[in-house]
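Trainee: I would like to learn how to read individual features of a model, going from single residues to helices and sheets. Could we work through a few of them together?

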Amino acid sequence: MQSFDHQNQKIKMIYRNLGSTGLRVSVLSLGTDVTFGNQIPDEIADKIVTIAYTNGINVFETGEAYSNGEAERTLGRILSTKNWRRSSYIVCCRLSKSGDAETEQGLSRKHLFEGLRSSLERLQLEYVDIMIVTRPKESSIPVEEVVRTCTHLIHLGWTFYWGTSGWLPCEVMQAQTVARQFNLIPPSVDQNELNLLNKSYLQNMREICLKLNIGIMTGSPLNGGILTGKYIDCIPNFSRATLKNQEDIRDKLLCSKGLSQREQVKQLCKIAGRIKCTCAQLAIGKL
């Protein structure tokens, strides 16, 4: 994840191209789901963003549905107070659901256009660098409409790149085909859950992304905090699993599979102790 500069005696961040693009992204990014605008105060969020940026992280990921838009507002307020060149960092915005109305979710041209415009207002930005469009559960994707809309938003200057999240391999391949057929812009990155306790993504999408030279952005690398080791013996107060609207994590911990995973994490913590790192560092480093 990082290299050591022996001359200056400090850790240096590693950067890679995002898929087939020329965009240089840090191998670690900072996500804002659940925590920003919800679990922690703005002062702590400000410190986290500053520590990330000063240590070489240049990608900040947020989304319209994160804490009902409050994560975007928090990140926007923080960035607006920094004397950082806008060209020196990357904002990645995930579009999924902005409200309960049928037109405030899904991947219609209307929702993608209005959703990104609202996100830009909350972030206090003229553009985001990457826009991620999330596949609705139990719903098909109007692939050509999505590709055309994302291309249009790029031409408007509201984003530079777009990517997918939760799409099926056949849908990602169809998006590539549509882009080639109609001279449109294909997705540059795919974001999905991938961690030591859930590697099903590798079986489905990794080969497709490598074949099409699409970047891979890891979602939930600590499996909702389970891979930190804090849930081994109990569910601590004020942890993510105790928050409203996070019942899925609590249920995951208490089911038979969750109990088995907690035992796996206990063994990972022992391995981490032997190599003098935290369980979280081990989990991220092994991705």
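Trainee: Where does glutamate 64 lie?

Mentor: Bear in mind first that this is a predicted model. Glutamate 64 is in the loop between strand E6 (59-63) and helix H3 (70-81).

Trainee: How should I read its surroundings, and which side chain of opposite charge is nearest to glutamate 64?

Mentor: For a charged residue, one looks at burial and at possible partners together. A salt bridge would need a side-chain nitrogen of Lys or Arg within 4 Å of a carboxyl oxygen; glutamate 64 is buried but has no salt bridge, the nearest side chain of opposite charge being that of arginine 122, 4.6 Å away. Leaving aside residues up to four places away in sequence, glutamate 64 touches a set of residues that includes Arg94, Leu95, His111, Ser119 and Arg122.

Trainee: Leucine 95 appears among those contacts; what is the bridge partner of leucine 95 in E8?

Mentor: The partner is valine 133, and strand E7 (residues 90-95) is joined to strand E8 (residues 128-134), running parallel, by four bridges. Both belong to an open sheet of seven strands with parallel pairing, in the order E5-E6-E7-E8-E9-E10-E11. Its edge strands are strand E5 (30-31) and E11, each of which pairs on one side only.

Trainee: Which residues of H10 are buried, and how do I interpret such a pattern?

Mentor: An α-helix has 3.6 residues a turn, so residues three or four places apart point the same way. In H10, the buried residues are Gly258, Gln261, Arg262, Val265, Leu268 and Ala272. Because they cover an arc of only 120° around the axis, they lie on the same side of H10. That buried set packs against helix H9 (247-254) and helix H11 (279-285), whereas Ser256 and Arg274, on the other side of H10, are exposed.

Trainee: Gln261 also makes me curious about asparagine 223: is asparagine 223 buried or exposed?

Mentor: With a relative accessible area of 3%, asparagine 223 is buried. Asparagine 223 is in the loop between E11 and H9, and its contacts, not counting residues up to four places away in sequence, are Glu193, Asn195, Leu197, Lys252 and Gln261.

Trainee: And what of phenylalanine 238, buried or exposed?

Mentor: Phenylalanine 238 also lies in the loop between strand E11 (215-219) and H9, but it counts as exposed because its relative accessibility is 73%. Sequence separation and spatial distance should be read side by side: phenylalanine 238 and glutamine 39 are 199 residues apart in sequence, and their C-alpha atoms are 8.1 Å apart in space.

Conventions. Residues are numbered from 1 along each chain as its sequence is written. This is a predicted model: local features need pLDDT of at least 70, side-chain atom pairs count only at pLDDT 80 or more; totals for chains, interfaces and linings use all residues. Side-chain values use heavy atoms; hydrogens and water are left out. Helices (H or I, at least four residues) and strands (E, at least two) are DSSP runs, numbered from the N terminus. Buried means under 20% relative accessible area, exposed over 50%, partly exposed in between (1.4 Å probe, protein chains only). Lys and Arg count as positive and Asp and Glu as negative; His and the chain ends are not counted. Contact means heavy atoms within 4.5 Å. The arc is that of the directions from the helix axis to the C-beta atoms. Two strands pair if DSSP finds at least two bridges between them.
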